[in-house]
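Reader: Could you take me through one part of this protein slowly, beginning with the overall frame and then staying with a single side chain and its surroundings?

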Amino acid sequence: IIEWACPAYASGDNETQLYNATTGASAAVGMSVWADSSGSGGSAVVPGKTVQTLTDSTTFEIQHRSTSSVSHGFGNANDLGGICVYTQVMITKIAD
């Protein structure tokens, strides 16, 4: 099971996908989410989840696209002085 969550800020329509870089194809598409791009903007989380059956070593990428080109649309840094976490991925192996 591969689950992911990507931040969106003031970036309009958003969509994520799990991309199989080994095969060069999309493996799964995440939810479509709106992050308000008017006024001061709004925040959203763009999640995805899939079950993949793998027989060989495979490289995946999380890809995120939006209808806005704001520089901080894929995560707005905080001013708290610590580490900023943006996209998160959780991989769970199901017993053979």
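Author: What follows goes from the whole chain to one asparagine and the residues around it. This is a predicted model, in which local features need pLDDT of at least 70 and side-chain atom pairs count only at pLDDT 80 or more, while totals for chains, interfaces and linings use all residues. Residues are numbered from 1 along each chain as its sequence is written, and side-chain values use heavy atoms, with hydrogens and water left out.

The protein has six strands and zero helices, where strands are DSSP runs of E with at least two residues and helices are runs of H or I with at least four, both numbered from the N terminus. Along its principal axes the C-alpha trace spans about 50 × 30 × 20 Å. Of the 96 residues, 27% count as buried, a word that stands for under 20% relative accessible area, with exposed meaning over 50% and partly exposed the range in between, using a 1.4 Å probe and protein chains only.

The asparagine in question is Asn-14, which lies in strand β2. Strand β2 (residues 12-20) runs antiparallel to β3 and is joined to β3 by eight bridges; strands count as paired if DSSP finds at least two bridges between them. Glu-15 has Ser-32 of β3 as its bridge partner. These strands belong to an open sheet of three, in the order β3-β2-β5 and with antiparallel pairing. Because β3 (25-35) and β5 (60-66) each have a single partner strand, they stand at the edges, and one side of each is left without a neighbour in the sheet.

Asn-14 itself is buried, with a relative accessible area of 3%. Its side chain makes a polar contact with the side chain of His-64 at 2.8 Å, and another with the side chain of Ser-11 at 3.0 Å; such a contact is a pair of N or O atoms within 3.5 Å, of which, within protein, one must be able to donate a hydrogen and the other to accept it, and residues adjacent in sequence count only if both atoms are side-chain atoms. Not counting residues up to four places away in sequence, Asn-14 touches a set of residues that includes Ala-8, Met-31, Val-33, Ala-35, Val-46 and Phe-74, where contact means heavy atoms within 4.5 Å.

Ser-11, the partner at 3.0 Å, is placed in the loop between β1 and β2. Ser-11 also counts as buried, at 0% relative accessibility. Leaving aside its neighbours within four places in sequence, Ser-11 is in contact with residues including Ala-35, Asp-36, Ser-66 and Gly-73.

Several residues that Asn-14 touches, among them Ala-8, Val-33, Ala-35 and Val-46, also appear in the largest nonpolar core, whose 10 residues are Ile-2, Trp-4, Cys-6, Ala-8, Leu-18, Ala-28, Val-33, Ala-35, Ala-44 and Val-46. A nonpolar core is a set of buried Ala, Val, Leu, Ile, Met, Phe, Trp, Tyr and Cys residues joined through side-chain atoms within 4.5 Å. Strands β1, β3 and β4 each supply at least two residues of this core, and β1 gives the most, with four. Strand β1 (residues 2-9) is joined to β4 by eight bridges and runs antiparallel to β4. In strand β4 (residues 43-50), Ala-44 and Val-46 lie on the covered face with Gly-48 and Thr-50. Ala-8 is in contact with Asn-14 as well as with Ala-44, Val-46 and His-64, among others.
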